[in-house]
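Colleague: I'm new to reading structures, and I'd love to go through one with you. Could we take it step by step?

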Amino acid sequence: MAFDAVVYVPSPNRRRMKRGFDPAHLIARETARRLSVPCRKHLRIQKSLVEQKSLSRAARRRNVKGAFKTDDSAL
């Protein structure tokens, strides 16, 4: 199977600032390196998200519905 790029879902700014890094980006970057493809940030957060660790499956789906938008019309 061939891939053009690895695209990751960015962490909200407040979570990234609290941690000092974005775990999704780190995983995506390493995965992209191993696949020899670029790592791309084509998504941006459209709305505030509630922390999901205590939410039910249905609540998690509602929480992220419409939360992300692509920054790239080429996708």
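**Salt bridges and buried spots**

Modeller: Happy to! Let's begin with a pair of side chains: those of Arg 34 and Glu 30 meet in a salt bridge, at 2.8 Å from N to O. Keep in mind that this is a predicted model.

Colleague: How many residues apart are Arg 34 and Glu 30 in helix H2?

Modeller: Both residues belong to helix H2, and about one helical turn separates them. Counted along the helix, that spacing is 4 residues.

Colleague: Which residue besides Arg 34 is linked with Glu 30 in a network of salt bridges?

Modeller: Glu 30 also forms a salt bridge with a residue whose closest N and O atoms are 2.5 Å apart from its own. That partner lies in helix H2 (residues 23-35) too, 3 residues from Glu 30, about one turn of the helix. The network therefore joins Glu 30 and Arg 34 with a third member, and that member is Arg 33.

Colleague: Is Arg 34 buried or exposed?

Modeller: The cut-off for exposed is over 50% relative accessible area. Arg 34 has 65% relative accessibility, and Arg 33 has 55%, whereas Glu 30, at 30%, is partly exposed. Since 65% is over the cut-off, Arg 34 counts as exposed.

Colleague: With which residue does the side chain of Glu 51 meet in a salt bridge?

Modeller: Here the N to O distance is 3.4 Å, and a salt bridge needs the two atoms within 4 Å. Glu 51 is partly exposed at 37%, while its partner is exposed at 67%. That partner is Lys 53.

Colleague: What is the relative accessible area of Pro 10?

Modeller: Pro 10 sits in the loop between strand E1 (6-7) and helix H1 (13-19). Leaving aside neighbours within four places in sequence, Pro 10 is in contact with Asp 22, Lys 41, Leu 43, Arg 44, Ile 45 and Phe 68. Buried means under 20%, and Pro 10 is buried, with a value of 6%.

Colleague: How far apart are the C-alpha atoms of Pro 10 and Ala 59?

Modeller: Along the chain, Pro 10 and Ala 59 are 49 residues apart. In space, their C-alpha atoms are separated by 20 Å.

Colleague: Where is the place of Asn 63?

Modeller: Asn 63 counts as buried, at 9% relative accessibility. Not counting residues up to four places away in sequence, Asn 63 touches Lys 47, Leu 49, Val 50, Gln 52 and Leu 55. The place of Asn 63 is in residues 57-64, which make up helix H3.

Conventions:
Residues are numbered from 1 along each chain as its sequence is written. This is a predicted model: local features need pLDDT of at least 70, side-chain atom pairs count only at pLDDT 80 or more; totals for chains, interfaces and linings use all residues. Side-chain values use heavy atoms; hydrogens and water are left out. Helices (H or I, at least four residues) and strands (E, at least two) are DSSP runs, numbered from the N terminus. Buried means under 20% relative accessible area, exposed over 50%, partly exposed in between (1.4 Å probe, protein chains only). Contact means heavy atoms within 4.5 Å.
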